[in-house]
Amino acid sequence: AAQARFGAVMCCCGPCAMYRRSALVLLLEQYETQLFRGKPSDFGEDRHLTILMLKAGLRTEYVPDAIAATVVPDRLGPYLRQQLRWARSTFRDTMLALHLLPSLNRYLTLDVLGQNLGPLLLALSVLAGLAQFALTAAVPWPTGLMIAAMTISRCSVAAFRARQLRFLGFSLHTFINVFLLLPLKAYALCTLSNS
């Protein structure tokens, strides 16, 4: 929703996206022949198509009252495979969009860089905390408290804006993020060419 204020939602999610036929026809050949490092790429097509739309000078919008249904993973294995695909797609298409960002808006540049650098900074914080523990046997309280404060702040803003306390429960996702998704994102970054 925030990105839509600048006319450039950076990823129009597959099951929730609609496009003008004229825009699709304009970009169809580029879309169908998606390559990464010279090899065909067969995932992340929604993010890729969104970037192609923006590169063509078209707007991408967010419609808050749209309703869509999709299938989501209900077990850990499929969830982690989905997150691996999404991480690779995000890294790949962020590279594709880097030269495009300055022409869109400063906020969008900051937002996209934050989405990509945020996990890196979190990973560095976790590694620094683990290194401190390994070298000094001291519990890295400042690192843990900083991660907890950032998590609670983000969840509190979401709960306040949605006026639903249940969003505070999303802070439990931090454990999944730190112990499952961060290593998965590191693996994704090291295996970008793998389709």
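A salt bridge is taken here as a side-chain nitrogen of Lys or Arg within 4 Å of a carboxyl oxygen of Asp or Glu. By that criterion the structure holds two salt bridges. The structure is a predicted model, in which local features need pLDDT of at least 70 and side-chain atom pairs count only at pLDDT 80 or more, while totals for chains, interfaces and linings use all residues. Residues are numbered from 1 along each chain as its sequence is written, and side-chain values use heavy atoms, with hydrogens and water left out.

One salt bridge joins the side chains of Glu61 and Arg59, with an N to O distance of 2.7 Å. Burial is described by relative accessible area, computed with a 1.4 Å probe and protein chains only: buried means under 20%, exposed over 50%, and partly exposed in between. Arg59 counts as exposed because its relative accessibility is 57%, whereas Glu61, at 42%, counts as partly exposed. The other pair is Asp74 and Arg75, whose closest N and O atoms are 3.9 Å apart. Here Asp74 is exposed at 67%, and Arg75 is exposed at 56%.

Attention now turns to helix α5. Helices are DSSP runs (H or I, at least four residues), as are strands (E, at least two), and both are numbered from the N terminus. Helix α5 covers residues 106–136. Its 31 residues reach 42 Å from the first C-alpha to the last, close to the 45 Å expected at 1.5 Å a residue; the expected span is 1.5 Å times one less than the number of residues. The helix is kinked by about 35° at Leu117, shortly before the proline Pro119, the bend being the angle between axes fitted to the seven residues ending at a position and the seven starting there.

Both buried and surface positions occur along this helix. Leu108, Thr109, Asp111, Val112, Asn116, Leu122, Val126 and Gly129 are buried in α5. A nonpolar surface patch is formed by Leu98, Leu113, Leu117, Leu120, Leu121, Leu124, Leu127 and Leu130, together offering about 740 Å² of accessible area. Patches are built from residues with over 30% relative accessible area and no salt bridge, joining like charges within 9 Å and nonpolar side chains (Val, Leu, Ile, Met, Phe, Trp, Tyr) within 5 Å. Areas follow the Shrake-Rupley method with a 1.4 Å probe, and for residues only the protein chains shown count as cover. Within the patch, Leu124 is partly exposed at 47%. An α-helix has 3.6 residues a turn, so residues three or four places apart point the same way.

Two loop residues have notable backbone angles. Ala137, in the loop between α5 and α6 (141–162), has a positive phi of about 60° although it is not a glycine. Ala137 is exposed, with a relative accessible area of 61%. Arg163 lies in the loop between α6 and α7 (173–190), and its phi is near 55°, again positive in a residue other than glycine. Arg163 is exposed at 66%.

The UniProt record, an unreviewed entry, lists "domain: Glycosyltransferase 2-like" at residues 3–145. Its positions use the numbering adopted here, feature names are shortened, and annotations may be inferred rather than shown by experiment. In the model, residues 3–145 are 59% helix and 3% strand, with end C-alpha atoms 30 Å apart. The record also places "transmembrane region" at residues 116–135, 141–160 and 167–188. Residues 116–135 are 100% helix, with end C-alpha atoms 29 Å apart, while residues 167–188 are 73% helix and their end C-alpha atoms lie 28 Å apart.
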